[in-house]
Amino acid sequence: MKQYVVLIIAVFSVFFMACGSVETVSSVFDGFPHGKREINKGTVMYKKGCYRQSLRHFYRAHEIFSASDDLEGVALSLNSIGNIYMTAGNAAKAEMYYEEALQIYTRINNRNGIMQALSNLSAAMIDTERFESAGKTLDRLEDMVKQKDDLYVSYLRNKGIYFLKQKAYIKAEKALNFALDVISNNDLTETASVNFAMGNLMMKTERIEEAIDFFMAALFADKKTGFSTGIACDLEALGRAYFLIEKNDESVDFFKRSIKIYAMTGNREKVETIAEQLAIASKRSGIDTGVTVQFVKKWAEGDVLTSFYNITADFEILTQVWKGECH
């Protein structure tokens with residue numbers, strides 16, 4: 001049984017390590033109001049999982065801020081666009097936008113912006129396994145954290161993921177536990193991200209029951225913020241965890257809930273992957289998934305009444321097949 005679990009964990013490792021995290025810059029500028037409105041609209045769409053619509057709003061914001069030479073707004077819009085590409089699974093392209101945002105924040109000496117851009121940049125580098133560059137970026141961020149003498153949760157979270165991806169599990173657990181200790185109860189985004197990362201660590205170290213607890217905590221936080229992609233990813237992780245310990249009724253339940261969200265948000269790749277696992281789990285449990293499959297097929301083909309993603313684009317948007325990730 002243990003050999004079986006180890007094998008399945010290895011197969012699932014791509015899924016768990018792909019779910020990274022990015023951070024949204026909090027704007028304090030009094031810039032062009034139309035640009036701010038576009039950022040706000042884009043952020044709302046982003047949380048709902050409407051990424052193509054969100055990207056349109058962030059592009060518009062970038063145009064408005066550029067036209068008015070509002071540098072803080074320009075950097076904010078670039079960071080937001082980078083977040084979309086990061087969530088879409090294109091960390092290399094996200095890195096370009098984060099780098100540009102970092103340059104602008106550095107030029108205008110916006111300390112919070114610099115730290116947030118560095119955090120996002122390190123996450124993108126970790127995702128593409130550019131560990132040397134990621135390490136240098138994290139070191140730069142650490143220096144700023146020490147100067148301010150505060151506990152920057154995103155730094156601790158990214159440091160934990162940095163160690164996790166390099167299989168330095170003891171160091172990863174130490175960093176992530178520290179992050180959990182210092183997270184504000186009101187910071188639901190980081191609460192979800194750090195708990196999800198801890199869940200990944202538990203999976204990699206074969207502590208499945210503990211992983212379930214962390215994934216449940218991430219799900220609770222993501223539901224409170226309404227972050228659709230995060231919710232889908234949490235549910236998928238729970239489905240896989242229960243699958244590993246052969247609790248097939250629970251596995252079917254979480255897979256069904258996850259695949260619906262992925263279908264509505266246009267993530268056909270995830271739909272196909274989860275459909276295979278769902279079929280196995282449902283066969284083991286004897287649970288009929290016919291109704292779920294019916295809706296998933298309908299939504300995956302773009303027949304979604306709430307129009308989460310099926311809009312016509314007049315410019316290049318992400319990838320042809322949506323590969324959205326979470327946290």
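**Exercise 1. Decide whether Asn-195 is buried or exposed, and describe its surroundings.**

*Step 1.* Start with the accessibility: Asn-195 has a relative accessibility of 8%, so Asn-195 counts as buried. The cut-offs are under 20% relative accessible area for buried, over 50% for exposed, and partly exposed in between (1.4 Å probe, protein chains only).

*Step 2.* Now place the residue: Asn-195 sits in helix 10, which covers residues 188–204. Helices (H or I, at least four residues) and strands (E, at least two) are DSSP runs, numbered from the N terminus.

*Step 3.* Look at the side chain. The side chain of Asn-195 reaches the backbone oxygen of Thr-191 at 2.8 Å.

*Step 4.* List the contacts (heavy atoms within 4.5 Å). With neighbours within four places in sequence left aside, Asn-195 is in contact with Leu-180, Phe-214, Ala-217 and Ala-218.

A word on the model you are using: it is predicted, so local features need pLDDT of at least 70, side-chain atom pairs count only at pLDDT 80 or more, and totals for chains, interfaces and linings use all residues. Residues are numbered from 1 along each chain as its sequence is written, and side-chain values use heavy atoms, with hydrogens and water left out.

**Exercise 2. Find out which parts of the chain are tied together by the ring pair of Tyr-85 and Tyr-97, then do likewise for Tyr-242 and Phe-254.**

*Step 1.* A search of the whole structure finds 7 aromatic pairs. Rings of Phe, Tyr and Trp (its six-membered ring) pair if their centres lie within 6.5 Å; planes under 30 degrees apart count as stacked, over 60 as edge-to-face and the rest as tilted.

*Step 2.* Tyr-85 and Tyr-97 are stacked, at 5.6 Å centre to centre and 5° between the planes. Tyr-85 belongs to helix 4 (residues 71–87) and Tyr-97 to helix 5 (residues 91–107), so this pair ties together parts that are 12 residues apart in sequence. Both Tyr-85 and Tyr-97 are buried.

*Step 3.* For Tyr-242 and Phe-254, the ring centres are 5.6 Å apart and the planes are at 0°, so the pair is stacked. Tyr-242 lies in helix 12 (residues 228–244) and Phe-254 in helix 13 (residues 248–264), so the pair ties together parts that are 12 residues apart in sequence. Tyr-242 is buried at 14% relative accessibility, and Phe-254 is buried at 8%.

**Exercise 3. Check whether the span of helix 12 agrees or disagrees with its number of residues.**

*Step 1.* The expected span is 1.5 Å times one less than the number of residues.

*Step 2.* For the 17 residues of helix 12 this gives 24 Å, and the end C-alpha atoms are 25 Å apart, which agrees.

*Step 3.* Next, look around the helix: 17 of its 17 residues are buried, so helix 12 is largely enclosed by the rest of the structure. Just after helix 12, Glu-246 takes a positive phi of about 60°.

**Exercise 4. State how many helices the chain has, and what its mean pLDDT is.**

*Step 1.* The chain has 15 helices and 0 strands. Of its 327 residues, 55% count as buried.

*Step 2.* pLDDT is the predictor's confidence in each residue, from 0 to 100. The chain has a mean pLDDT of 83, and 80% of its residues reach 70 or more. Over residues 1–18 the pLDDT is below 50, and this stretch has 35 contacts in the model beyond near neighbours in sequence. Residues 307–325 also have a pLDDT below 50, with 67 such contacts.

*Step 3.* Where pLDDT is low, the predicted coordinates should not be read in detail.

How values were computed: A polar contact is a pair of N or O atoms within 3.5 Å; within protein, one must be able to donate a hydrogen and the other to accept it, and residues adjacent in sequence count only if both atoms are side-chain atoms.
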